[in-house]
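Colleague: I've got a model open on my screen and I'd like to learn how to read it. Could you walk me through a few features?

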Amino acid sequence: MAQQTLTITDNRTGKTYELPIADGTIKAMDLRQIRTSAEDFGLMTYDPAFMNTAACRSAITFIDGDKGILEYRGYPIEEIAEHASFLEVAYLLNEGELPNAAQLKKWSDEVRYHTYVHTNIIKFLEGFRYDAHPMGMLLGGVGALSTFYPDAKNIEDPRCRYAQRVRLMSKVPTIAAFCFRNLHGLPYEFPRNDLDYIGNFVNMTFSIGGKHEPNLVLQRALEILLILHADHEQNCSTSAVRAVGSSGVDPFSAISAGIAALYGPLHGGANEAVLRMLDEIGSKDRIPAFIEKVKKGEGRLMGFGHRVYKSYDPRARLIKKVAYDVFAQTGMNPKLEIAIELEQIALKDEYFISRKLYPNVDFYSGLIYQAMGYPTDYFTVLFALGRLPGWLAQWEEMIGDKEQKIARPRQIFTGPARRPYVPLAKRG
Ligand SMILES: CC(C)(COP(=O)(O)OP(=O)(O)OC[C@H]1O[C@@H](n2cnc3c(N)ncnc32)[C@H](O)[C@@H]1OP(=O)(O)O)[C@@H](O)C(=O)NCCC(=O)NCCS
């Protein structure tokens, strides 16, 4: 077998170094020995936006972006989306294996019985303006939960971490539903522990006067969407949870950092942007002109392109199917017709083909959420609910990883060289 090493010659000094290769990587720290003099700090890598740097080992989610493969703990997303419940997926991501019936019952019961939040959280949420963006409320609300559970700081204790996991899985949907009610000026609907996870959440959002007629097809569609969002390895928000969590802060604070990252339009906010884009296009005959604008660099085709997937995002394929199930219940939406046509045109266009730009998870998800009755501002909150088990699993994995330390990237300093302080009176 060929030697698993990399030989590097530093042409500045003529010296040669042999670095081990493991798991298709070299250790960035192994480069530090490459220096021109004893005073030289040593060679570093420069990798803005982590385009080619593995920051951790992870056994949770596997993605092959070129082949369009996504697996949770080895199980293909297609099979999981068809057969599993969201709580089953949350268990799988966090515990590493699918639960047996007794384990699933215990886990579901625990999550079901912790859905209430301290009433002061309600007072806190009431302090937001009537038009507060629900993601701002969610990240504030989840961050505030840390002050209600000071024991959560005990992150060294696995039993304590488990308890926080249960709390977050139970209470984040409650806070998320309260944010929805705020958006509509409706009184908060309290959790009902006789309902299942999705049924309770839907009830807390849509119940009026204590009444809500559940539509099981729409509930399953929502559950599938949450499953499809449950984890996606080291994306921006997950990296935020890991980076903030690496400081040793409690999981409520680390998760609220993930929510903040998800808030951004290039991450979780993209499905919101897709709907705005479909509104802007307005009708099918205006699609070619829109595509031309995008190709000229005047805006992006939202819901297209992905840092990792360079072929059809497998989640987008599944979501497209869910869209048809949902629209069969709610009636066809003209925006869906524009989206389908837009996709067909873009998939045949050289600009998108050459850049490997395909629909991503957000291309259809916004349309589905809207059909279910969720307003555009709320879509990212639903994404956060879906991603929560993934954030928790990644946080747990990070805590147990002996190779990890507090996250602290290096920089290339580009500022001025050392200079003396100029007193105010002498400044021009
Ligand atoms: C997701 C995204 C941020 C990934 O970005 P990235 O990996 O950094 O890719 P880049 O921005 O380097 O783009 C590579 C090329 O494709 C083009 N491109 C990428 N996404 C595009 C899009 N949605 N529409 C039009 N052109 C796009 C870029 O302009 C660039 O072209 P160039 O090489 O001529 O300059 C990007 O594709 C995007 O902005 N998509 C729209 C937002 C979205 O749907 N986000 C949800 C992600 S799940």
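Modeller: Sure, we'll go through the ligand site, one helix and a few single residues; keep in mind that this is a predicted model.

Colleague: Let's begin with the ligand. Which residues come nearest to the ligand?

Modeller: Start with the neighbours, then look at the polar atoms. Here 16 residues surround the ligand, and Arg300, Leu301, Gly303, Arg307 and Asn360 come nearest. By type, that shell splits into eight nonpolar, four polar and four charged residues.

Colleague: And which polar atoms should I look at?

Modeller: Arg300 puts a polar side-chain atom 2.7 Å from an oxygen atom of the ligand. Gly303 uses its backbone: an N or O atom there lies 2.9 Å from a ligand oxygen. For a ligand nitrogen, look at Tyr351, with a polar side-chain atom 3.0 Å away. The protein buries 70% of the 860 Å² that the ligand exposes when taken alone.

Colleague: On to helix H6. How do I check its length?

Modeller: Compare the expected span with the distance between the ends. H6 covers residues 158–184, and at 1.5 Å a residue its 27 residues should span 39 Å; the end C-alpha atoms are 39 Å apart, so the two agree.

Colleague: Where in H6 is the kink?

Modeller: At Lys171, shortly before Pro173, and the kink is about 30 degrees.

Colleague: What happens at the two ends of the helix?

Modeller: At the N-terminal end, Asp157 acts as a cap, with a side-chain oxygen 2.9 Å from the backbone nitrogen of Arg159. Just after H6 comes Gly185, with a positive phi of about 65 degrees.

Colleague: Is H6 largely enclosed or largely open?

Modeller: Count its buried residues, meaning those under 20% relative accessible area. In H6, 21 of 27 are buried, so the rest of the structure largely encloses this helix.

Colleague: Why look at the sign of phi at all?

Modeller: Because most residues other than glycine have a negative phi. Phe50 is not a glycine, yet its phi is positive, near 50 degrees. Phe50 sits in the loop between strands E2 and E3, and is exposed at 55% relative accessible area. Lys356 also has a positive phi without being a glycine, at about 55 degrees. Its loop runs between helices H15 and H16, and at 42% relative accessibility Lys356 counts as partly exposed.

Colleague: One more: is Phe290 buried or exposed?

Modeller: Buried, at 10% relative accessibility. Phe290 belongs to helix H12, and its C-alpha atom is 9.1 Å from that of Glu280, 10 residues away along the chain.

Notes. Residues are numbered from 1 along each chain as its sequence is written. This is a predicted model: local features need pLDDT of at least 70, side-chain atom pairs count only at pLDDT 80 or more; totals for chains, interfaces and linings use all residues. Side-chain values use heavy atoms; hydrogens and water are left out. A residue is near a molecule or strand if one of its heavy atoms lies within 4 Å of it. A polar contact is a pair of N or O atoms within 3.5 Å; within protein, one must be able to donate a hydrogen and the other to accept it, and residues adjacent in sequence count only if both atoms are side-chain atoms. Accessible areas come from the Shrake-Rupley method with a 1.4 Å probe; for residues, only the protein chains shown count as cover. Ala, Val, Leu, Ile, Met, Phe, Trp, Tyr, Cys and Pro count as nonpolar, Asp, Glu, Lys and Arg as charged, and the others, Gly among them, as polar. Helices (H or I, at least four residues) and strands (E, at least two) are DSSP runs, numbered from the N terminus. The expected span of a helix is 1.5 Å times one less than its number of residues. The bend at a residue is the angle between axes fitted to the seven residues ending there and the seven starting there. Buried means under 20% relative accessible area, exposed over 50%, partly exposed in between (1.4 Å probe, protein chains only).
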